[in-house]
Amino acid sequence: MSSGIFLPREAMKSRLASASKCERPAYAAVLGFAGRVCRIETNSPRLAELACEFFPCPAIRSLDAFEAGIALEVRRPRPAYAAALFPVFRGRGAFVHADYGAHGSVWFDLKARKVSGFISHELLDDTELFQRSVLAVIAGVLAPAVGVVGIHAGCVVRDGKAVLLAAPSGAGKSTTTLALALRGWSLLSDDWTYVTSTGSGLRAWGMKTSLKLLPDAMRFFPQLSTLTAGLSLNGELALEFDPWRMFHLDRAVDATPAAIVLIDRNSWNPPASGCHIGHAGREETSCTLLADIEEQPAEVVREGHSALEAIDQLAGLPAVHALLGGEPASAAAVLDEFLRERIHD
Amino acid sequence: MTELSRSTSPVFAATDMLHRRTPLPHSFVARCGVLSVAIRANDPVVAQGFLEENAEDRLAPAISGNEWQIEITLDDSANSAAFEHRTWGAEVFAFGPSRAIRFANGSWFAHTPPSADGVGFFRLSVDANSRLRQFEDLLRDVASFVLDERSTAGPPGVLEVVA
């Protein structure tokens with residue numbers, strides 16, 4: 001791609017005509033996200049391979065079952081006027097643009113459930129960044145359009161039962177999630193848990209993304225001292241790492257939601273150590289979960305899959321609020337014991 | 001990202017990554033060639049300046065047939081000549097039934113033909129005079145893009161306009 005001046009109208013028309021003669025993508029694959037089936041087309045076998053690893057495909061009943069179409073081309077970067085890999089996201093109505101500067105653009109039409117764009121070879125070659133900033137973003141943005149509700153909550157799993165850990169940003173979701181995972185719970189998500197509702201009930205889903213903790217977590221998890229904090233996708237300075245490589249943690253892909261924990265670390269009178277657990281009512285649970293729900297335009301939300309309906313069902317689960325104090329390990333020990341009993345009940 | 005996040009309330013910063021919740025409280029009508037467009041935006045300087053420089057548009061119907069929702073983000077680097085969106089060209093994309101144009105400074109506009117309703121994101125200068133001029137230039141180029149799209153049915157796949 002070369003630089004030059006902006007094209008006048010007539011030139012733009014002729015360029016559109018010639019651009020339509022581009023070669024068709026050579027590789028296609030079927031992807032699974034939270035039980036939904038999507039199709040991806042690309043000119044890159046590596047991109048298709050990574051997408052299949054990140055979104056393992058369930059068995060599909062028919063080719064009519066695709067719920068979204070994705071077309072991603074890999075090509076040379078744009079000129080060096082905007083070299084940053086750090087993406088800028090903007091959305092309005094049914095449209096969303098993930099702008100990777102020199103390294104690509106991904107466009108979403110959520111009404112049509114279509115995703116299209118390009119990324120650079122450099123972005124694709126950084127596998128962890130590609131998964132976190134492209135594939136996970138595609139899933140998160142597409143979610144409401146394919147009947148999946150994103151809940152701002154961590155999630156741990158034991159015996160196929162999921163416990164969602166909800167809290168505002170910075171209140172300790174990820175830290176508590178990690179501390180529980182270190183006590184034998186499987187890690188499903190530390191930040192966003194995806195929930196679907198079917199005839200057989202609710203289902204919680206996670207993605208194999210990095211775990212993200214604020215830099216002060218090094219105080220509690222010395223293993224993290226080898227990491228350097230960097231800017232995360234929402235602009236926070238954070239430590240991001242693969243939980244398997246760092247802690248050999250088990251990961252769960254999906255589970256049945258069984259309980260909700262509302263985490264609180266900002267109260268005036270926290271325990272010096274451990275965790276105070278109290279009953280949380282349906283309304284409190286519902287309000288907490290709703291606080292971070294992004295209101296979606298009506299034309300984007302798939303009929304019968306609104307976030308409000310999913311949250312109403314989640315709020316009907318057994319729920320507690322947990323006032324944390326001291327080190328995460330001591331709070332997790334109390335919470336672990338309580339949850340084991342609660343889940344087996 | 002941090003520079004570009006100014007217009008969003010910090011309350012939403014952690015979860016409103018798409019800036020969908022940025023309010024667009026300023027409305028005015030712009031005539032872009034044959035298009036009459038009701039614009040909703042979030043920058044009072046642009047809205048006021050646009051109305052002052054285009055006094056006749058105050059008399060235009062309050063409700064136009066087309067609406068463009070445009071989030072404006074101010075950027076220090078937008079003062080430099082290199083930032084000018086026309087310097088580097090633009091790209092046009094097709095995704096499903098929709099089309100988008102991305103200018104080299106990161107500004108963009110998207111819509112679904114044949115409707116001229118659309119949404120956009122403009123990166124403009126912090127300097128008020130430059131900002132207004134950049135806004136008007138972008139509006140003009142978006143209008144050209146929308147009119148082109150209405151007159152030519154675009155093919156599927158990713159399209160690219162290379163300057």
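Student: Which elements are included in what covers the buried residues of α2(A)?
Tutor: This is a predicted model, in which local features need pLDDT of at least 70 and side-chain atom pairs count only at pLDDT 80 or more, while totals for chains, interfaces and linings use all residues. Residues are numbered from 1 along each chain as its sequence is written, while chains are lettered from A and ligands numbered from 1 in the order in which they are written. Helices (H or I, at least four residues) and strands (E, at least two) are DSSP runs numbered from the N terminus, and two residues are in contact if their C-beta atoms, placed from the backbone, lie within 7 Å. With those terms, what covers the buried residues of α2(A) includes β1 (27–33), β2 (36–42), β3 (68–75), α3 (121–125) and α4 (127–142) of chain A.

Student: Do the buried residues of α2(A) lie on the same side or on opposite sides of the helix?
Tutor: A residue is buried if 20 or more other C-beta atoms lie within 10 Å of its own, exposed if 12 or fewer, and partly exposed in between, with C-beta atoms placed from the backbone. In α2, residues 45–54, the buried residues are Leu47(A), Ala48(A), Ala51(A) and Phe54(A). Taking the directions from the helix axis to the C-beta atoms, these residues cover an arc of only 130°, which puts them on the same side.

Student: Which residues are exposed on the other side of α2(A)?
Tutor: An α-helix has 3.6 residues a turn, so residues three or four places apart point the same way. On the other side of α2(A), the exposed residues are Pro45(A) and Glu53(A).

Student: How are α2(A) and α4(A) oriented to each other?
Tutor: Axes are lines fitted to C-alpha atoms, for helices over the stretch in contact, and angles run from 0 to 180 degrees between N-to-C directions. Angles under 35 degrees count as roughly parallel, over 145 as roughly antiparallel, 65 to 115 as roughly perpendicular and the rest as oblique. The axes of α2(A) and α4(A) come within 11 Å and cross at roughly 70°. That angle makes the two helices roughly perpendicular.

Student: How many nonpolar residues does the contact of α2(A) with α4(A) have?
Tutor: Leu50(A), Ala51(A) and Phe54(A) of α2(A) make this contact with Thr127(A), Phe130(A), Gln131(A) and Leu135(A) of α4(A). Ala, Val, Leu, Ile, Met, Phe, Trp, Tyr, Cys and Pro count as nonpolar, Asp, Glu, Lys and Arg as charged, and the others, Gly among them, as polar. By class, the contact has 2 polar residues, no charged ones, and a nonpolar count of 5.

Student: Are α7(A) and α8(A) parallel or oblique to each other?
Tutor: The axes of α7 (residues 282–291) and α8 (residues 307–315) of chain A come within 9 Å and cross at roughly 140°. The two helices are therefore oblique.

Student: How many residues of α5(A) are buried?
Tutor: The buried residues of α5, residues 173–181 of chain A, include Lys173(A), Thr176(A) and Leu180(A). The helix is largely enclosed by the rest of the structure, because the buried count is 9 of the 9.

Student: Is Ala34(A) buried or exposed?
Tutor: Ala34(A), in the loop between β1 and β2 of chain A, has a positive phi of about 50° although it is not a glycine. Because Ala34(A) has 24 C-beta neighbours inside 10 Å, it counts as buried.

Student: Is His248(A) buried or exposed?
Tutor: His248(A) lies in the loop between α6 (243–247) and β16 (254–264) of chain A, and its phi is positive, about 55°, although it is not a glycine. With 8 other C-beta atoms within 10 Å, His248(A) is exposed.
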